[in-house]
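User: Please take me through one pocket and the aromatic contacts of this model. Short answers will do.

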Amino acid sequence: MARKLKKIKVLFTIPDFDTAGSGKALLKIATRLNKAVFEPHIACMHNRGAFFKVVADSGIPVHVFQYTTPMKPYHKGIWNSLKIAKKFREIAPDIIHSFHFSADYSEALAARLAGVKWIYSKKNMSWGGSSKNSWHMRTFLAHHVIYQNTDMKKQFFPKLNNTSFIPRGVDVGEFSYGAPNKELLKKYTISAQDRIVIAVANLVPLKGVDVLIKAFNQQELKANKWKLLIVGDDKNAYGKELKQLVKTLKIEGKVIFTGKVLNVNEHLNLAQIFVLPTIFKGEGSPVAMLEAMATGVCVLGSNLPGIKDQLQQYPNHMVEAGNIELWKSKLLEFTSKTPEELKALGQLFYNQVHEKYQIANEVAKTEQVYKKIV
């Protein structure tokens, strides 16, 4: 009788599920791992957040505890790391895969003290400033680093060998082309003649949605029945600032704030053009743009890391970050196209997602990393 092979236990760590972006990315990988080979677990620091229930209902064991600690003063940081290491030993993973966005390295130290392989996904373009030394320590302690765009390798890990390039993937079953939802059209007072530019983003200043609004404020777009749909939680300070900007420009009837929504795919299906106007540093591997591509929407983005990878075949779809005048020109160029022309461009992006950016590709490459490490 053949001996049953021991599964590779992977503990995914993330601070919380308050903002579901990274949480969704984590869960999509964890739930798709080959269950004959891998045993996924999840650790987070609290059970708040609307998405936590989704995680809890996934059937994957969830461990709730404080798995990081401030490292200064150092003697206290090391002592607390020993306590975290004890908890890691109790869970007994073969690999800890960190989805933490910050430069914290206490988790990596605790994993080393526990004798557990530790890797992290580099998901943003933060590196320098006051956190530079911490990022170097986090990387030094890692057994492997997964980076999400090619600029990360050049800027952060040029001489590091224990790295893998794994861009984000999208579930093409969840995001696909569909006819506009009549209830949404009615909800947002969008007529059959209206045409939609859409932005889907976590509404924070670095996303540059204010630049988009200013660029959208053009007489030609108003005359041609274009409206701007902004999808994202608008209850924060930046969201309020954007609404005030719209009032100041007197374009309330042209800009629609949806707030946070669950049915992003249905909102994308209202649009002909998707815009990602990020202004600072860049993106990791922006899944919002991939989701738009999967629905067959024509996309535009800033010429910044992460976005550049996804649009490298289409340089005319990129704009200098933060340049309002260039964004104005680009919006006029693409809003002047017919629905048929935009649909044809959207088909190119749809094909690209299906060829390069399906979630199955991301999972397969991640599994290869795990096997290589263990």
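**Pocket lining and ring contacts**

User: How do the residues lining the second largest pocket divide into nonpolar, polar and charged?

Analyst: This is a predicted model. The second largest pocket has a lining of 24 residues. Three of the lining residues are charged and eight are polar. The nonpolar ones number 13.

User: Which helix gives the most to the lining of the second largest pocket?

Analyst: The pocket has a volume of about 620 Å³. Nearest its centre lie Y177, N269, A271, Q272 and K343. Six lining residues come from one helix, residues 339–356, and that top contributor is helix 15.

User: How are the rings of W127 and F156 arranged?

Analyst: The count of aromatic pairs comes to 16. In the pair W127 and F156, the centres are 4.7 Å apart and the planes meet at 10°. Planes under 30 degrees apart count as stacked, so the W127 and F156 pair is stacked.

User: How many residues apart are W127 and F156?

Analyst: W127 lies in the loop between strand 5 (117–122) and helix 5 (132–141). F156 belongs to helix 6 (residues 150–156). The pair links distant parts of the chain, and the separation is 29 residues.

User: Are W127 and F156 buried or exposed?

Analyst: Both rings belong to a cluster linked by ring pairs, with W118, Y120 and W135 among the other members. As for accessibility, W127 and F156 are each buried.

User: Which residue has its charged end over the ring of Y120?

Analyst: Y120 is part of the ring cluster, as is W135. K122 lies over the face of W135, 3.8 Å from the ring centre. Over Y120, at 4.6 Å from the centre of the ring, sits the charged end of R138.

Methods. Residues numbered from 1 in each chain as written. Predicted model: local features only at pLDDT ≥ 70, side-chain atom pairs only at ≥ 80, totals over all residues. Heavy atoms only, no water. 1 Å grid on protein atoms, 1.4 Å probe; cavity = no way out; pocket = protein on both sides within 12 Å on 5 of 7 lines; lining within 4 Å. Points joined across faces, edges and corners; volume = space filled by probe spheres on them. Helix = DSSP H or I, 4+ residues; strand = E, 2+ residues; numbered from the N terminus. Nonpolar A, V, L, I, M, F, W, Y, C, P; charged D, E, K, R; others polar. Phe/Tyr/Trp six-rings, centres within 6.5 Å; stacked < 30°, edge-to-face > 60°. Buried < 20%, exposed > 50% of the residue type's maximum accessible area, 1.4 Å probe, protein only. Lys NZ or Arg CZ within 6 Å of the ring centre and 35° of its normal.
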